[in-house]
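Reader: Can you walk me through this one? I'm new to reading structures.

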Amino acid sequence: MCLAIPGKVLSDYEQGSMRMAKVQFGGIVREACLEYVPETKVGDYVLVHVGFAISRVDEEEAQRTYQLLEEMDQLTELEAPVVREMGERDDEEKVP
Amino acid sequence: MKYLDEYRSEEVTKKLVDELHRIQTRPWVIMEVCGGQTHSIVKHGIDYLLPKGVELVHGPGCPVCVTPLDMIDKAHAIARQSNVIFCSFGDMLRVPGSEGDLFTIKSQGGDVRVVYSPLDCLKIARANPDRQVVFFAIGFETTAPANAMLVWQARESQLKNVSVLVSHVLVPPALEAILQSPENRVQGFLGPGHVCAVMGYSEYEPISAKYRVPIVVSGFEPIDIIQGTLMTIRQLESGRAEVENQYSRVLNREGNQAAQKLVSSVFEVSDRNWRGVGTIPKSGYRLRSEFAAYDAEKLFDVQRIDTREPEICISGAILRGIKKPHDCPAFGSACDPQHPLGATMVSAEGACAAYYTYGRHLKQEDGCLVSISPGDAA
């Protein structure tokens with residue numbers, strides 16, 4: 001439950017009053033809130049728990065942790081359905 | 001972290017394990033606090049690699065497990081209401097209440113939705129303005145910033161149809177409850193890495209000093225856990241009792257202060273009932289009174305529900321490190337992940353569920369795998 005997954009920040013944008021990002025986890029891209037790691041830049045790696053970045057990690061570390069988690073079948077958190085609002089773009093799920 | 005292959009290699013593991021064998025002179029009992037660590041230990045058989053005298057016992061750090069049955073029944077009572085969209089993390093769906101689980105309610109026509117992030121509830125609420133969206137806000141300190149942000153944003157955007165059913169628990173009071181028990185066996189802790197990524201670890205220092213117990217904040221990968229164990233044993237063998245940080249690549253002593261600030265704006269510390277353990281003073285969060293309009297317990301008139309746990313279940317003793325899954329006569333027979341009798345079997349991160357998932361309810365006998373009897377694998 002306290003699992004946190006490292007991913008790469010691909011882009012950032014404002015939503016409501018929050019700074020959000022598209023974050024890539026291996027072959028999956030999902031949204032994450034950056035409000036708790038305000039210093040994060042596009043290209044950085046962040047540790048994401050239930051859609052919130054809680055700390056920053058370096059790239060090699062992110063890659064290594066992801067592989068270990070994948071081997072442990074612990075990525076089911078990312079499989080929860082994507083909730084979209086009207087007009088929101090369908091660019092999550094898979095990286096081309 | 002730079003030398004990736006070295007860090008992942010068998011060679012590193014072997015060096016750490018050899019060092020453990022070299023320094024350990026007497027038996028020690030160490031508790032890993034977090035359910036994610038328990039899962040990793042059982043999955044990788046880390047406990048089998050350690051010297052015989054180093055025993056790992058499994059702590060209370062699975063929030064799904066320790067959510068009390070009456071709270072689950074409250075969630076189910078709300079989820080059954082026709083005007084409600086009930087949102088939850090996926091882990092909570094299979095947890096049985098007194099009458100079925102959230103999957104059952106969904107199959108009977110209830111609108112139960114799994115969300116990836118608490119913020120998904122805002123989108124669902126905006127898309128369904130004539131319905132009430134209720135989020136089951138469970139978790140330890142790691143999850144509190146996410147749940148707090150949902151409430152904060154609901155107020156900021158003046159959404160009137162979102163509320164949260166809060167069942168939040170905190171790690172340090174649970175460690176104190178374990179240490180204060182006359183039956184306590186735990187001599188050192190592997191601290192919860194991601195809880196401390198949010199909270200830092202300064203609040204563990206007075207506990208370590210008061211009870212003379214080493215606490216080593218650790219990560220979740222096999223080498224993290226073995227290294228954390230080694231650091232704990234080094235302290236025990238040399239008579240030290242300090243807080244150390246094995247997981248320094250992710251966290252520091254202060255933690256995430258932006259997250260802590262929002263959490264304390266939305267939540268306040270309160271007593272909480274832990275499934276299998278009972279009420280622990282000041283061991284959880286509840287909403288601050290200024291957010292009462294978002295409190296599902298107040299909005300929905302769910303009566304206090306009296307529930308009884310099966311008498312055979314020993315999950316309370318397991319959560320406090322006094323017993324292991326194999327000590328239970330129901331483990332793997334009357335109780336399994338499909339038909340859990342108590343806290344430690346209801347979620348994949350519970351000690352009993354992890355033992356079951358990785359085949360520890362079985363043993364080899366005449367070339368066949370058969371169920372183990374209680375006490376067999378002490």
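Author: What follows is a short tour of a predicted model. Local features need pLDDT of at least 70, side-chain atom pairs count only at pLDDT 80 or more, and totals for chains, interfaces and linings use all residues. Residues are numbered from 1 along each chain as its sequence is written, and chains are lettered from A and ligands numbered from 1 in the order in which they are written.

Reader: How many residues does each chain put into the contact?

Author: Chain B gives 49 residues and chain A gives 32 residues. Two residues are in contact if their C-beta atoms, placed from the backbone, lie within 7 Å.

Reader: Which helices of chain B supply at least two residues each?

Author: Among them are α1 (4–8), α3 (35–44), α9 (144–156) and α14 (257–266) of chain B. Helices (H or I, at least four residues) and strands (E, at least two) are DSSP runs, numbered from the N terminus.

Reader: And how do the residues on that side of chain B divide?

Author: Into 26 nonpolar, twelve polar and eleven charged. Ala, Val, Leu, Ile, Met, Phe, Trp, Tyr, Cys and Pro count as nonpolar, Asp, Glu, Lys and Arg as charged, and the others, Gly among them, as polar.

Reader: New topic. What order do the five strands of the open sheet take?

Author: In chain B the order is β2-β1-β7-β8-β9, with parallel pairing. Two strands pair if DSSP finds at least two bridges between them. β2 (54–61) and β9 (243–245) of chain B are the edge strands, and each pairs on one side only.

Reader: What packs on the sheet?

Author: Helix α13 (residues 222–238) of chain B does. Its direction makes about 140° with that of β7(B). Axes are lines fitted to C-alpha atoms, for helices over the stretch in contact, and angles run from 0 to 180 degrees between N-to-C directions.

Reader: Back to α14(B). Which of its residues are buried?

Author: A259(B), V263(B) and V266(B). They span an arc of only 70° around the axis, so they sit on the same side of α14(B). That arc is of the directions from the helix axis to the C-beta atoms. Buried means 20 or more other C-beta atoms within 10 Å of a residue's own, exposed means 12 or fewer, and partly exposed is in between, with C-beta atoms placed from the backbone.

Reader: What's on the face turned away?

Author: The exposed residues Q257(B) and K261(B).

Reader: And what covers the buried ones?

Author: The cover includes β5 (52–57) of chain A, plus α9, α11, β10 (267–274) and β11 (278–287) of chain B.
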